[in-house]
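I am opening a fresh notebook page and will write down what I look up, one element at a time.

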Amino acid sequence: MLMSDNLANKIAAGEVVEKCASVVKELVENSIDAGSSEIKIELEQSGVKSIKVTDNGCGMDNEDAVMCFYSHATSKIKNEDDLYNINTLGFRGEALPSIASVSNITIKTCDGENSVIYELEAGKIKDKKSGDLRKGTSIEVKDLFYNTPARLKYLNSLYTELANITECVNKAALSNTNIRFTLINDGKTLLKTDGSGNLLKTINDIYGVKIAKKMLKISGENDDYQIDGYISLPEITKSNRNSIITIVNKRVVRNQELNRCINEAYHTYKPDNRYPIIVLTIDVDSSLIDVNVHPSKMDIKFSNFDELKKLVFDKIRSTLDKTLLVPDIDNSSLNVSNIVNEIKIDESNDNEKKEEITFDFQDTDVVDNFVKEEDEKYNKEEKIILPKMYPIGAVLGTYIICQNENGMYIIDQHAANERINYEKYKKAMGNPKNDKISMLFPINIEYPTNEFIIIKENLDFIKSLNIDIEEFGVNSFIIKAHPTWFKEGYEEEFIRNILEKIVTMEKNFNVERFNDSVSATMACKASIKGNEAVSIEEMEHLINELAKTDNPYTCPHGRPTVIHYPVYELEKLFKRAM
Ligand code: ZN
Ligand code: ZN
């Protein structure tokens, strides 16, 4: 078989077969299409030496088996539109022939009646014999790129290849929880899922039990969309968005705006630049989506997108709102970011930054238990409130130590006060009643011309916040009254802050974001500082006020306000319990 020039060029450009992971993806998707309930992926040297995918699907007949490795030949694509139909998995057409042209392949397949084994070398049939096989297909791709110059140019480090393949198999497993997946590299099992159809169990198989136990179930629907899945507690975050996984009609897709919406739902529950672990399945009639399939990525457009975003946002928010989010200190894993089975994909291909890939397999009883617990928790509708706790004193003038029958709590006094003030200011700004205080000494503020112009354009808006402001001479304003909720002694700072934010937000001005940002900044300024003496009475007041907030668990910047040391963990620390 001869490659067309076009195809050869594409391969040279690394466009079609970029990495071992693309080969794995292609083969695994074929296996899924074949109706398999079990798919086993075996690698040698991270796939660089060999990639073997074995399934128990419907198998191929003799013709199909070899035809799928010829260019533009595939049994699934009947017309152009099929390529864009999300119900057909995978980019069909050129990937398999491309892979064949740059590797040595063994295909063993049995459709229940006939068995056949083909050996292909650079896309040419070298050998064909009949086999004696069980139903299903096994395809082994060896020595990828062996016949291309500068072979290694196409491949990343073994570590990166393996990380990419693992990510790809993880996604396949998450989108097909009813299929048993096994991933093995150089004889070592890296992933094994049970095919039970339970998403939380699959999350457990992939991320480990510590993460799985910190996932919250979400579910909801509107006229067009049904969403289900799991979201991580805000204490579990990652430095990149790779663990926000959205699955539309059983296929992992990426939509930046949807990711942004998910991240916004966590606003103030976690720092904005840290990202949650999310596995969200979205079911929708395929006529309402428009999928653009490209071998390396998939773009998707949704009809009634605002409705979908609202559904996702509201479900995540309401789930977080009703959950007790005080992080428990667990002595065995003090560092939550150092999680099991986290594979960092290093795009810079830097061999220095290797992370050990470890996997722990759990006892199924433990898993069954927390899967059940999570379901029970989900069915409870009432909001869980911050437990009553009693202050004892403060450490370093910053961390308030409290206790109750559940153990010890540590509160960051600044963060806690910041949360209280933030919610107070935000409510006041969102609903400015006409109550203001005239200032004994009006404030006069001067600005550079460009800033003066921006502020002048927004005078009506500033006045709507109950700030009496007027032009006063060249490039300056005079402020004569301010809202009652301004904290005494901080009047000028608050006003300057508001005017400054108007200038910096200028073109992208949005009232909601403006109120949020001003409230957060002012809350920080007006709150008790670290290393500031606070009496027990003041501590009690602070804790009571914190308990009344909508989200008592984090400050407006997403940092924790309260941490819990359970009795059992204290006992463990002092070896009273083992
Ligand atoms: Zn602060
Ligand atoms: Zn803060």
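**Entry 1: helix α2.** I began with helix α2, residues 20-33, which has 14 residues and reaches 20 Å from its first C-alpha to its last, close to the 20 Å expected at 1.5 Å a residue. I note here that the model is a predicted one, so that I read each entry below with this in mind. I then looked up how well the helix is covered, and found that eleven of the 14 residues of α2 are buried. Those buried residues are C20, A21, V23, V24, E26, L27, V28, E29, N30, S31 and I32. After the end of α2 comes G35, and its phi is positive, near 75°.

**Entry 2: the protein as a whole.** I stepped back to look up the totals, and found 18 helices and 22 strands in the protein. Of its 578 residues, 50% are buried, and the accessible surface comes to about 28200 Å², with 48% of that belonging to carbon and sulfur atoms. I also looked at contacts between residues with a separation of 6 or more, where 69% are made by residues 24 or more positions apart.

**Entry 3: the zinc ion, ligand 1.** Which residues are the protein donors of the zinc ion (ligand 1)? I found H414 through NE2, E418 through OE and C524 through SG, lying 2.1 to 2.4 Å from the ion. Along the sequence, these donor residues of ligand 1 are spaced H-x3-E-x105-C. Because E418 lies in helix α12 and C524 in helix α16, the pair ties together parts that are 106 residues apart in sequence. I checked the cover of both residues: E418 counts as buried because its relative accessibility is 1%, whereas C524 is partly exposed, with a relative accessible area of 30%.

**Entry 4: the zinc ion, ligand 2.** I turned next to the other zinc ion, ligand 2, whose protein donors are E418 (OE), C555 (SG) and H557 (ND1), at 2.1 to 2.4 Å from the ion. The spacing of these donors along the chain is E-x136-C-x1-H. Here the pair of E418 and C555 links distant parts of the chain, 137 residues apart, with E418 in helix α12 (residues 413-430) and C555 in the loop between α17 (536-547) and β22 (562-566). Both E418 and C555 are buried. How far apart are the two zinc ions, and which residue coordinates both? The zinc ions are 3.9 Å apart, and E418 is the residue that coordinates both.

**Entry 5: helix α15 and its neighbour.** I closed with helix α15, residues 491-505, whose 15 residues should span 21 Å at 1.5 Å a residue, and since its end C-alpha atoms are 21 Å apart, the model agrees with that value. The buried residues of α15 are E491, F494, I495, N497, I498, L499, K501, I502, V503 and M505. I then looked at how α15 packs with helix α16, residues 511-526, and found an angle of about 145° with the axes 10 Å apart. The crossing of α15 past α16 is right-handed. On the α15 side, the contact is made by E493, F494, N497, I498, K501, I502 and M505, and on the α16 side by R513, F514, S517, V518, T521, M522, K525 and A526. I add a general point to help me read such lists: an α-helix has 3.6 residues a turn, so residues three or four places apart point the same way.

Technical notes: Residues are numbered from 1 along each chain as its sequence is written. Chains are lettered from A and ligands numbered from 1 in the order in which they are written. This is a predicted model: local features need pLDDT of at least 70, side-chain atom pairs count only at pLDDT 80 or more; totals for chains, interfaces and linings use all residues. Side-chain values use heavy atoms; hydrogens and water are left out. Helices (H or I, at least four residues) and strands (E, at least two) are DSSP runs, numbered from the N terminus. The expected span of a helix is 1.5 Å times one less than its number of residues. Buried means under 20% relative accessible area, exposed over 50%, partly exposed in between (1.4 Å probe, protein chains only). Contact means heavy atoms within 4.5 Å. Accessible areas come from the Shrake-Rupley method with a 1.4 Å probe; for residues, only the protein chains shown count as cover. Donors are N, O and S atoms within 2.8 Å of the metal (3.2 Å for Na, K and Ca); water is not among the atoms, so sites may look incomplete. Axes are lines fitted to C-alpha atoms, for helices over the stretch in contact, and angles run from 0 to 180 degrees between N-to-C directions. A crossing is left-handed if the near helix is turned anticlockwise from the far one by less than a right angle, and right-handed if clockwise.
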